[in-house]
Amino acid sequence: MKVVIVGSTHAGIAAVKQVLANYPEADITVYERQKQISYLACATYLHIEGTVRSLADTFYAEPDDFVKQGVKMAVQHDVISIDAQAHTLVVQNLLTKQKTTDSYDKLIMATGSITAIPAIVGIENTKVRLCKTFDQARDLCAAAADFQRVAIIGGGYIGVELAEGYVRTGHDVTLIQKPTRLLNGYLEPALSQTVEALLTGHGVHVLTNTRATRFANSADGALTITTTRGELTVDMAAVSAGMLPQTDLLTGQVKMAKNGAILTDDYMHSSNPDILAAGDNAVIHYNPTQTAAYSPLASHAVRQGALAGINVFERRVRTLGTQSSTGILIFGHTIACVGMTTAAAKAARFNVGSVRYQGSYRPDFMPEAYQVTIELIYNRNNRRILGAQLLSKHDISQSANTISTLIQNRATIDQLALVDMLFSPNFSQPFNYLNLAGQMAVAQENGYQRS
Ligand SMILES: Cc1cc2nc3c(=O)[nH]c(=O)nc-3n(C[C@H](O)[C@H](O)[C@H](O)COP(=O)(O)OP(=O)(O)OC[C@H]3O[C@@H](n4cnc5c(N)ncnc54)[C@H](O)[C@@H]3O)c2cc1C
C-alpha cells in the first residue's frame, strides 16, 4: 500500500514516523518543496536576540533520517495538483523543473499554512518581510545586522516575540497592532496591558488600535509606513498578521471550513476516505466548546501528524482534542494561556465567571518569591473551567499545562480548588497558587458544590 505525504515540517514528520512504526510494510513517499525539513519557526526571534546561535541548529530531522528507513524523500519537489478521484498527483522537481505524475492509496496532507498577507498598498516592497519558512527567517535574521529601525506588523505572540528579539539587540522597534490591545486573542485586557508595559519599558514603541495602510520607499532609501495614526520611517518591516491554511490543492475535493482548513474526523480522516489531513492545514477539535476550530500551532501539528500516521489505514486512535495552550517568555516573564478568554467564552454564549488571583508562588520568606497572576475563566452553570492565563517571572508554564489537562477532563473550579498538589517551600505555598485561584472562584460562587 502506498502512502504519500505532502509537506515535511512538523505534521509531515510526525506522520511519517508513525506510518513507519505502525505499518512497516507501507511504501512511503514524502514531497516537500523546501530543501530543509523540520524548521522550528519559534526559533526565529531567539536567533535574532542571540539565544540560539545558528538557525541551522534548530532542525530536529534531516531527509536522510527517513531515507535510511526506506522512505522516498523528495525534497525540493512541489506538488502542483491532486486528483482525489484518480488518486494521482502532479509533482514538479524544483531543480530540474521536470513534472511527473505519482499515485497513492492513502494521502496525508501536511501542507501547513502561509502567512496571511494583509491588503496594504506596497506590501510587495522588498523591505517588507515575512517570517514563516526557514528562508524567510534566515533573511529576517540577516537583515537585523543591516537595519536599525524595524516595524513589526501584528501584535500576536509572533509579533511580540520579534519585538523583544529586535529591541534586545539594540534596534529601534515599533510594533503596530490593529486591535486595541496586544495578544488580544489570548489575554484578558489587564494582562495585555502588563505585556504592553513590559515592551514599552524596554523601549518598544507600541501602536495599538493602529492600521498600517501603505508601504513606500522614502527618498533616502528607507521605508515609509503610513498608518491610521500618521507616518513613520523605518529600515524594514516584518509582517506577522496570522496564518492561512494551505489547502488549494484540494479545493472542491474534500470538505473544508470557511477559512479553507480541512475538516477531519477524530482520526484525522477528511471527507474523502483516502485523504487525511494534519497540522496548520486542518481544523482542530477544541475541547472548551466541543467544536472544530482553527488554531495553527506546532503543538497541534505534531499531535495531529502522529494521529494521521497511526490512523492512515485504519481508525486506531482518536484525538484527545485541544485547549490551544500557548506560552511565551517576554523579558523574563512567562505568559501562558490555555482555553478561552472571557471575551471568547462570552461570544460562545457561556454563562461566564472569572477571577483574578495574585500572590507569591512560594512563601515570602523564600528568596525570589515571585508574584503569579492568574486569570481563571469558568462556566457558572456547571462550574467547569473554560480557560486560564498565567503571568509570572517564575516559570509557570507547566501550571498552564495542568489547567489544560483539567479542562480536557472537564474539571470544575471545586476540583481545581482542592486537587492534590505537592508542597515544599521551595516550590509552592501549602495550597498551590492554582488551588488558590480555584478557591477564589468557589468563594465567588458562594461555596463548594456538594459532592
Ligand atoms: C515565527 C513563528 C513562531 C512560532 N512559534 C510557535 C510556538 O512557539 N509554538 C507553537 O506551537 N507554534 C508556533 N508557531 C506555529 C508553528 O510554526 C506552526 O503551527 C507549524 O509550523 C505547523 O506545522 P505544519 O507541519 O502543520 O505546517 P508548516 O510548518 O506550514 O509546514 C508545511 C510544509 O508543507 C510544505 N508544503 C506545502 N505545500 C506543499 C506542496 N504543494 N508541495 C510540497 N510541499 C508543500 C511546506 O513547504 C512546509 O514545509 C510559530 C510560527 C511562526 C511563523
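F331 counts as partly exposed in this predicted model, because it has 14 C-beta neighbours inside 10 Å, and a residue needs 20 or more to be called buried. You'll find F331 in the loop between strand 21 (326-330) and strand 22 (333-339). Ignore its neighbours within four places in sequence, and F331 is in contact with E164, L198 and H202. There is also K393, which sits 62 residues away from F331 along the chain, with 8.9 Å between the two C-alpha atoms.

Compare that with D27, over in strand 2. D27 also has 14 C-beta neighbours inside 10 Å, so it too counts as partly exposed. Once the residues within four places in sequence are set aside, the contacts of D27 are M1 and K2. If you pick D57 as a partner for D27, 30 residues along the sequence correspond to 30 Å in space, C-alpha to C-alpha.

Now zoom out to the domains. The domain assignment splits the protein chain into domain 1 (2-35 + 76-114 + 244-310), domain 2 (128-239) and domain 3 (326-444). Between the C-alpha centres of domain 1 and domain 3 there are 35 Å. Where these two domains touch, domain 1 puts in four residues and domain 3 puts in eight. On the domain 1 side of that contact, two residues are nonpolar, two are polar and none is charged.

Next, the ligand. A shell of 32 residues surrounds the ligand, and the closest of them are G7, T9, C42, G112 and G279. Several elements give two or more residues to this shell, namely helix 1 (10-22), strand 2 (27-32), strand 4 (77-83) and helix 7 (298-310). By class, the shell breaks down into 14 nonpolar, 13 polar and five charged residues. Why does the ligand lie between domain 1 and domain 2? Because both of these domains give residues to the shell around it.

Helix 1, one of those shell contributors, is worth a stop of its own. Helix 1 runs for 13 residues and reaches 18 Å from first C-alpha to last, close to the 18 Å expected at 1.5 Å a residue. It is largely enclosed by the rest of the structure, because 10 of its 13 residues are buried. The buried ones are H10, A11, G12, I13, A14, A15, V16, K17, Q18 and V19. As for what encloses them, the buried residues of helix 1 pack against strand 1 (2-6), strand 2, helix 3 (63-67), strand 7 (106-109) and helix 7.

That leaves the nonpolar cores. In soluble globular proteins, nonpolar side chains tend to be buried together. Here, the largest nonpolar core has 81 residues, and the members touching the most others are I152, A163, A237, L376 and I385. Helix 5 (residues 157-168) supplies the largest share of this core, with seven residues. The core also spans a domain boundary, drawing at least three residues from each of domain 2 (128-239) and domain 3 (326-444). A second core, separate from that one, has 49 residues, including Y31, M73, I275 and V283.

To see one of the well-connected members of the largest core up close, click on A237. Not counting residues up to four places away in sequence, A237 touches K127, V128, A151, I153, F215, L223 and I225.

Definitions and conventions:
Residues are numbered from 1 along each chain as its sequence is written. This is a predicted model: local features need pLDDT of at least 70, side-chain atom pairs count only at pLDDT 80 or more; totals for chains, interfaces and linings use all residues. Helices (H or I, at least four residues) and strands (E, at least two) are DSSP runs, numbered from the N terminus. A residue is buried if 20 or more other C-beta atoms lie within 10 Å of its own, exposed if 12 or fewer, and partly exposed in between; C-beta atoms are placed from the backbone. Two residues are in contact if their C-beta atoms, placed from the backbone, lie within 7 Å. A residue is near a molecule or strand if its C-beta atom, placed from the backbone, lies within 6 Å of it. Ala, Val, Leu, Ile, Met, Phe, Trp, Tyr, Cys and Pro count as nonpolar, Asp, Glu, Lys and Arg as charged, and the others, Gly among them, as polar. Domain bounds come from an automatic or database domain assignment. The expected span of a helix is 1.5 Å times one less than its number of residues. A nonpolar core is a set of buried Ala, Val, Leu, Ile, Met, Phe, Trp, Tyr and Cys residues joined through C-beta atoms within 7 Å.
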